[in-house]
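Here is a set of short exercises to help you find your way around a structure you have not met before. Try each task with the model in view, then read through the solution.

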Amino acid sequence: MAQYLMSVLDEMGDRATAEEMATIDVFNEQLQADGHWVFAGGLASPSTATVVDGRGGEPVFTDGPYLESKEYVIGFWIIEAPDLDVALRLATLGSKACNRRLELRPILGE
């Protein structure tokens with residue numbers, strides 16, 4: 001099965017409400033029961049980010065998000081699905097569960 005990254009997008013970088021978390025927990029349990037679950041996690045606020053550039057002689061560390069944006073990634077799922085149609089269906093359910101838009105991207109295989 002192919003793996004997909006479902007990134008949770010939010011305009012304010014807000015944490016989920018208690019009600020949203022309960023709905024997300026149910027969604028996570030269903031992903032696990034159906035064999036689609038690989039990994040998931042929430043992310044701290046974009047203001048806690050550090051950009052690391054180690055390409056030169058000395059690393060450069062910059063506080064804050066890489067880009068100033070209207071939306072930030074505040075969480076993600078990595079799922080397995082047999083095809084894009086199933087992944088899109090799961091992303092739709094995930095979007096509904098967390099009450100936010102999701103970006104779905106395939107993870108490159110070997």
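Is arginine 100 buried or exposed? Keep that question in mind through the first exercise, and remember as you work that this is a predicted model.

**Exercise 1. Decide how arginine 100 is placed, and find its salt-bridge partner.**

Step 1. Look up the relative accessible area of arginine 100, which is 12%.

Step 2. Compare this with the cut-off: a residue is called buried when the value is under 20%. Arginine 100 is therefore buried, at 12%.

Step 3. Search for an acidic partner. Arginine 100 forms a salt bridge with glutamate 20, and their closest N and O atoms are 3.1 Å apart.

Step 4. Ask where the two partners sit in the chain. Arginine 100 belongs to the loop between α2 (84–98) and β6 (101–106), while glutamate 20 is in helix α1, so the bridge links distant parts of the chain, 80 residues apart.

Step 5. Check the partner too: glutamate 20 also has a relative accessibility of 12% and counts as buried.

Step 6. Widen the view. Asp10, Glu20 and Arg100 are joined into one network by salt bridges that share partners.

**Exercise 2. Describe the other salt bridges you can find, starting from the total for the whole structure.**

Step 1. Begin with the count: the whole structure holds 4 salt bridges.

Step 2. Take arginine 55, whose side chain meets that of aspartate 53 in a salt bridge of 2.7 Å, N to O.

Step 3. Judge the surroundings of this pair. Arginine 55 is exposed, with a relative accessible area of 75%, and aspartate 53 is partly exposed at 25%.

Step 4. Move to arginine 101 and glutamate 71, where the N to O distance in the salt bridge is 2.5 Å.

Step 5. Place both ends. Arginine 101 lies in strand β6 and glutamate 71 in the loop between β4 (60–63) and β5, so this pair ties together parts that are 30 residues apart in sequence. Glutamate 71 is partly exposed, at 24%.

**Exercise 3. Sketch the fold of the protein chain from its elements.**

Step 1. Count the elements: there are 2 helices and 6 strands.

Step 2. Write their order from the N terminus, which is β-α-β-β-β-β-α-β.

Step 3. Draw a frame for your sketch. Along the principal axes, the C-alpha atoms fill a box of roughly 45 × 40 × 20 Å.

Step 4. Add how the chain meets itself. Of the contacts with a separation of 6 or more, 76% are between residues 24 or more positions apart.

Step 5. Finish with burial and surface. Buried residues make up 29% of the 110 residues, and the accessible surface comes to about 7,700 Å², with 54% of that belonging to carbon and sulfur atoms.

**Exercise 4. Compare the settings of serine 7 and glycine 42.**

Step 1. Locate serine 7 in strand β1 (residues 2–10), and note that serine 7 counts as buried at 6% relative accessibility.

Step 2. List what surrounds serine 7. Beyond its neighbours within four places in sequence, its contacts are Val73, Gly75, Phe76, Arg101, Leu102 and Glu103.

Step 3. Now find glycine 42 in strand β2. Glycine 42 is exposed, with a relative accessible area of 67%.

Step 4. Find the contacts of glycine 42: leaving out residues up to four places away in sequence, glycine 42 touches Ile74 and Gly75.

Step 5. Put the two residues side by side. Glycine 42 and serine 7 are 35 residues apart in sequence, and their C-alpha atoms are 9.9 Å apart in space.

**Exercise 5. Characterise the largest pocket.**

Step 1. Start with its volume, about 440 Å³.

Step 2. Count the lining: 22 residues, of which Ala16, Met21, Gly42, Ile74 and Gly75 lie nearest the centre.

Step 3. Name the elements that give two or more residues to this lining: α1 (18–33), β2 (37–42) and β5 (72–81).

Step 4. Sort the lining residues by kind, which gives 12 nonpolar, 6 polar and 4 charged.

**Exercise 6. What is notable about the phi of asparagine 99?**

Step 1. Read the angle: asparagine 99 has a positive phi of about 60°, although it is not a glycine.

Step 2. Place the residue. Asparagine 99 lies in the loop between α2 and β6 and counts as exposed at 56% relative accessibility.

Key
Residues numbered from 1 in each chain as written. Predicted model: local features only at pLDDT ≥ 70, side-chain atom pairs only at ≥ 80, totals over all residues. Heavy atoms only, no water. 1 Å grid on protein atoms, 1.4 Å probe; cavity = no way out; pocket = protein on both sides within 12 Å on 5 of 7 lines; lining within 4 Å. Points joined across faces, edges and corners; volume = space filled by probe spheres on them. Helix = DSSP H or I, 4+ residues; strand = E, 2+ residues; numbered from the N terminus. Nonpolar A, V, L, I, M, F, W, Y, C, P; charged D, E, K, R; others polar. Buried < 20%, exposed > 50% of the residue type's maximum accessible area, 1.4 Å probe, protein only. Contact = heavy atoms within 4.5 Å. Areas by Shrake-Rupley, 256 points an atom, 1.4 Å probe, with all protein chains shown as cover.
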